[in-house]
Amino acid sequence: MEQRDFKHQTRGCLVGCVVAVLFWSVATAQRYSISEEVNEGTVVGNIAKDLGLDKGTLKNRKYRIVSGDAHPHFRVNQNDGILYVNRKIDREEVCTQSSSCVINLKTVLENPLEVHYVEVEVRDVNDHSPTFPEEDNTLEISESVLPGARFQLKPAQDLDSGQFSVQQYKLSQNDHFRLEVKEKRGDGKIPILVIQKPLDRETAASHSLILTAVDGGKPQKSGNIRIQVQVLDVNDNVPSFSKDVYSVSLNENAPIGTTVIQVNATDLDEGPNGHVVYSFGKSMNKNILNIFQINPLTGHIMVNNLIDFEETDEFELEIQASDKGLAPLTTEKSVMIKIVDVNDNAPEIEITSFSSSVSEDSRPGTTVALISVNDYDSDVNGQVICSLNADVPFTLSPSLKDKMFSLVTKSHLDREIQSKYDLTITAKDAGQPPLSSEKTISVVVSDVNDNKPEFSLSPYTFYVIEGNNPGASVFSVTASDCDESENARISYQVIRDDGNENKFTSFLNINSNNGDILALKSFDFETLKTFHFQVLATDSGTPPLSNNVTVNVFILDQNDNAPVIMYPLSSNGSAEGVEEIPRNVNAGHLVTKVRAYDADIGYNGWLLFSLQEVTDHSLFGLDRYTGQIRTLRSFTETDEAEHKLVILVKDNGNVSLSATATVIAKLVEPKEAFAASDVKSSARDDDDNNLIIYLMITLGSVSVLFLISIIVLIAMQCSKSTDYTSKYLQETNYDGTLCHSIQYRSGDKRYMLVGPRMSIGSTIVPGSHANTLVLPDRRRTSEEVRCLKKK
């Protein structure tokens, strides 16, 4: 069985070798050279040309680069065999610091399989600056080191190679050091710092140097390192006291640990050589050593035992100052201490009971703390008087027990005016001179819910452009509460009831946390122009306090209605009509008038007429403001009998909306025109009647909405100050279409809503927005009402 398997394996190997010989041709290689960091798409070379490959077979035999990299450095064009750079190549990333950098590519052709090796040499460019391992280097050198001493420094590294690597070092100008450079095989150039002048730490404790490494590129690149040389000290200076004579007075019975005086000595050396320690002289009396002690580190002389003026009125202390060098140096100094007999015990204040907080609604006379005062002196020196700092709503009330006081409130407290009091209690004895002591305690005034929320404005007035996104925030109200914590946490809600005045609150929602008001549906200026509602702000205190504010909302128009053609209208409802014109009419003859209206107002509803299409521009003219079509000249025998006029009617919104009407003008003989006029007049009377009915309905609807707006605005005006007014002015410049406008004031500006069409002479002030005109500030004493008018 094993022998049979061996035979099968041998046969398979033979077959594979035959296939390999048949389909694998001799591999060839080609070498190219490029610089690193070249742009993507740079041509490396034409492999097909250099290897003698037929361009026609490259794509058929699927010529490609074999690479395991998801984003290879090179790509080959199958159509012409040109090798391109696929992405920027960083030589230092591909070959580190190797002197030679070659990328080997394996390209293949299929059917039969043919392999070609391509070598691409990546040439180095000077794209790296020399860098040191650290930005700062510190050297410690003793001031006793002689000139000529050498200190090796860390060399700089440059990722580039060859002439682009580090070529030289430079040292900043100085008097004490110079630089030498040593060539070291494998490590390149090594900088060495050499001392050329003796160092003195007392003259200069440190030296700052800049070492610069420069490469051989053109232009050159460099890198710096800061070298801080710290000069180490030797013990060559004796400690020196700051004063020639030390003299001090000390009260008797001074507490143990009281600092009498501080002596101070300095040593110009550093480290242990300049570290001074203090001690008493060896010849001092043992009794004096029991009364005083000295801090060996700080030089503080302190009381160590009871001092009695009646026993000794003066002490002389011998002080030694020594450094910590290997061979310590020492200096001695005398300190004279004079004892003074005085009233040496100050009163002591003790808080026996204390409440750190008091409610702001506490009654006058509420006890906050119990205070006791003690003085260890006797007779007059032990009598104590207590007082409290002025301008505070507290007072000290004497107790029945001697030297006991009560701290009580003397007036009403208000946390919103002041929430914390720092009370300083002063106790003073009757000695000569008197001694006193102070103690400060802090009393916090706790909050009660005694302030209701206050809105930042009252009332609020907002202007919202129609067509807002449902569910989006349209405006916001804000209230604040002078209380704190839960008493100041405010929630908002819209006041809703069943009255007609607040029917619009059903499609408003408010964020109870921040007062953002959202509209649940989109506003339509043509349906609703203004409304108002109330917002209630409630704090979270117990019991809660609340306040409400009126919010007035004005809807601003935008161009969301296209013009509607009212004449001509055909029987099927399309804007198309036929007009018959006698051939004998003169120039200026009125052919017809295109009538249209726009539900928007202001510029959004101001309509302009233009001829979009006409068969003969010399025959007919159109008034761009009235829509009248008139003849420009008399007709001739050569004029066509029928003409088509397409009229474009568009408004003046920021994004204009438009409609078109078609008029067919037929030229007829005068007798035919006379006969047809009788028939047409009756039909036109019917159309005019229908048009009048439509206009009456439209006029009535707009009038009702306008009257409602006037009533609401007048009611709002009655409740407002003179600073905010809404006025309605009459406008007489109309061209026959339905029109109304509203004036209102916000701050120092007046605004006017106009529409749907203005007259030719109307003027828009710069700064107007769509249908809103900014008017000069001309306040009038009486309200003016603008009414609907049909010309």
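Student: What share of the contacts in the chain with a separation of 6 or more comes from residues 24 or more positions apart?

Tutor: Such residues account for 65% of them. A contact means heavy atoms within 4.5 Å. This is a predicted model: local features need pLDDT of at least 70, side-chain atom pairs count only at pLDDT 80 or more, and totals for chains, interfaces and linings use all residues. Residues are numbered from 1 along each chain as its sequence is written, and side-chain values use heavy atoms, with hydrogens and water left out.

Student: How many helices and strands are there in the chain?

Tutor: Six helices and 53 strands. Both are DSSP runs, numbered from the N terminus: helices are H or I with at least four residues, strands are E with at least two.

Student: Why is His207 called buried?

Tutor: Its relative accessible area is 13%. Buried means under 20%, exposed over 50%, and partly exposed in between (1.4 Å probe, protein chains only). The value for His207 falls under the first cut-off, so His207 is buried. His207 lies in strand β13, residues 206-215. Beyond residues up to four places away in sequence, His207 touches His176, Phe177, Leu199, Ile227, Gln228, Val229 and Val231.

Student: What makes Leu105 a buried residue?

Tutor: Leu105 has a relative accessible area of 11%, so the cut-off for buried is met. Leu105 sits in strand β6, residues 102-109. Its partners, leaving out residues up to four places away in sequence, include Ile65, Phe74, Leu83 and His116. Leu105 and His116 are 11 residues apart along the chain, and their C-alpha atoms are separated by 8.4 Å.

Student: What percentage of the chain's residues is buried?

Tutor: Buried residues make up 39% of the 791 residues.

Student: Which residues touch the most other members of the largest nonpolar core?

Tutor: Val477, Phe533, Val535 and Val551, in a core of 28 residues. β33, β36, β37 (508-510), β38 (516-519), β39 and β40 each supply at least two residues of this core. A nonpolar core is a set of buried Ala, Val, Leu, Ile, Met, Phe, Trp, Tyr and Cys residues joined through side-chain atoms within 4.5 Å. Val477 touches Phe462, Tyr492, Ile510, Val535 and Val551, among others, not counting residues up to four places away in sequence.

Student: Why is Asn253 called partly exposed?

Tutor: Asn253 has 33% relative accessibility. That lies between the two cut-offs, so Asn253 counts as partly exposed. Asn253 is in the loop between β16 (246-251) and β17 (259-262). Asn253 is not a glycine, yet has a positive phi of about 60°. Most residues other than glycine have a negative phi.

Student: How do you know that Ser485 is exposed?

Tutor: Its relative accessible area is 61%, so Ser485 passes the cut-off for exposed. Ser485 is found in the loop between β35 (479-480) and β36 (490-494). Phi of Ser485 is also positive, near 55°.

Student: Where is Pro459, and what is the form of the peptide bond from Ser458 to Pro459?

Tutor: Pro459 is in the loop between β32 (454-455) and β33 (460-465). The bond is cis, with omega near -5°. Most peptide bonds are trans. The bond from Thr542 to Pro543 is also cis, with omega near -5°. Pro543 is in the loop between β39 (530-539) and β40 (546-556).
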